[in-house]
Structures are given as structure tokens and as C-alpha cells.
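Q: I have a sequence and a fold on the screen. Please show me how to read them, step by step.

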Amino acid sequence: TPVSGIPELRRAIAGYLESVGGKPVEWEGVVVASGAKQALFNSAFTLFGPGDEVLVGAPYWTSYPQMVALARAEPVPVSGDPDRNFLLTCADLDAAYTERTRGLILCSPSNPTGAVYPLEELREIAEWTKEKDIVLIADEIYREIYFGDDRSIAPSILELPAESVGSYVLIDGASKCFAMTGWRVGFSYTDVELAKKLGSFQSHTTSNVATPS
């Protein structure tokens, strides 16, 4: 299949993302990967390299710092106040930021804590990354897993005003919300030019998601 996913699937994902954010989504910005894990791997290798630092919200899923390190960049764990369920503030990020900082990996709802960034706090962090001109990698793979009928419980970066968001890569997939871990279908969404680079990188690793998936 095409490296970045069959067009019908990419358009379907874009339609889903439009329902999340309530605004148009360019399907060419979607890159289908072999699980959200590869979408993260694609992002780390495409965006970061030697000399770069990448902030990683802590506690974190075990693969985040390893992916950054495999890209020959330096992962920098950043932890929030335990009394706030370790949610990061801009002050926490300021304390860890250096002129070498190139990205921030943020997971909401969080693995392993389960903590969720409210929309206003998510906006503040997005604005911070925009001001610092670094890439926000927003891992939203657990966003659909919550109790109750209120979808606003776990807001998405797509719900933020356009002026609050700089360069970002949204990570999601079918593994968690549809219990399809073995099918290995994940995706990233970003601007079209960066999506082309992510697809180019993937073309030299796994090529494409398995056709039956």
C-alpha cells in the first residue's frame, strides 16, 4: 500500500479529527504508521538529532526517552508537582529549557499516571512551545478512554485556537480505543510539509502498515 496509508483511510482519519477539533483537517497531513509507536519513532527521527534536547513529561511511557536517544538527541525528563498529579506548568518547562531544546513530548491522558490536562492548561503549554519555537509532540492515544459521556474530559490539541498552537505532531491510533493493538494501526497528523518528511522516513523503515490492517 502507499507508504503514508491508502487515501481512503487517511481521509477517514481526517474526518475523525475534524469531529474532534471542529475545524477543517487536511488529509495529506495524516501519515498512517505501524501503531502509534512508529508514529512517535518517525517524529523523533525526523525532527531531532545530535546536539538537540527534547523535554519529556515525567512520569513517562518507557519508550519516549529511548526513541529520542536512538535519534542521537538528549531526552530531558521534566516532572510536575506530585500534588497536581505531575501535570506540567510553564514554570516547570522554563526551568528545563535551554537554547538546545527542540521539542516537548506530552501525553494526555497520561501513561502511566492517568492525569489529564484541562483545556486551559493545554493551551498554556501549546503557547509556551510556540513562543519557544519548539515542536510539541502530543500523544493522544488514550484520549478516548474515559468514564462518562463528556468528551471534554480529555481535550485534544485540535480543540485549541489556531493562534495558540505552533509546530506540532498529534499522535493517535486504533490500538487503545478500539482494542486493536495487534493490528498495528496508528497515525500522526501535522502540517503537510512535515507529513511528507515523516512519510519519506517511514519509506526506509517499515514501508507501510500491513495491507490487511
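**Reading the fold**

A: Start with one residue: setting aside neighbours within four places in sequence, Ala14 is in contact (heavy atoms within 4.5 Å) with Val25, Trp27 and Val30. This is a predicted model, where local features need pLDDT of at least 70, side-chain atom pairs count only at pLDDT 80 or more, and totals for chains, interfaces and linings use all residues. Residues are numbered from 1 along each chain as its sequence is written, and side-chain values use heavy atoms, with hydrogens and water left out.

Q: Is Ala14 buried or exposed?
A: Buried means under 20% relative accessible area, exposed over 50%, and partly exposed in between, with a 1.4 Å probe and protein chains only. Ala14 has 4%, so it is buried. Ala14 sits in helix 1, residues 7–21. Helices (H or I, at least four residues) and strands (E, at least two) are DSSP runs, numbered from the N terminus.

Q: How do I read a sheet, and in what order do the strands lie here?
A: Strands of a sheet pair through backbone hydrogen bonds, either parallel or antiparallel. Two strands count as paired if DSSP finds at least two bridges between them. Here 7 strands make an open sheet with mixed pairing, in the order 1-7-6-5-4-2-3. Strand 1 (30–33) and strand 3 (74–79) are the edges, each pairing on one side only.

Q: How many bridges join strand 2 to strand 4?
A: There are 4. Strand 2 (residues 53–58) and strand 4 (residues 101–107) run parallel. Val54 has Gly103 in strand 4 as its bridge partner.

Q: What is a core, and which residues have the most contacts inside the largest one?
A: In soluble globular proteins, nonpolar side chains tend to be buried together. A nonpolar core is a set of buried Ala, Val, Leu, Ile, Met, Phe, Trp, Tyr and Cys residues joined through side-chain atoms within 4.5 Å. The largest has 35 residues, with the most contacts made by Leu17, Leu55, Ile157, Tyr168, Leu170 and Tyr189. Helix 5 gives the largest share of this core, 4 residues. A second, separate core has 23 residues, including Val31 and Phe48.

Q: What about empty space: how many cavities of 30 Å³ or more are there?
A: Rolling a probe the size of a water molecule over the atoms shows where empty space is left. On a 1 Å grid over the protein atoms alone, a cavity is a set of points where a 1.4 Å probe fits but cannot get out. The structure holds 3. Strand 4 supplies the largest share of the lining of the largest cavity, 3 residues; lining residues have an atom within 4 Å of a point.

Note on methods: 1 Å grid on protein atoms, 1.4 Å probe; cavity = no way out; pocket = protein on both sides within 12 Å on 5 of 7 lines; lining within 4 Å. Points joined across faces, edges and corners; volume = space filled by probe spheres on them.
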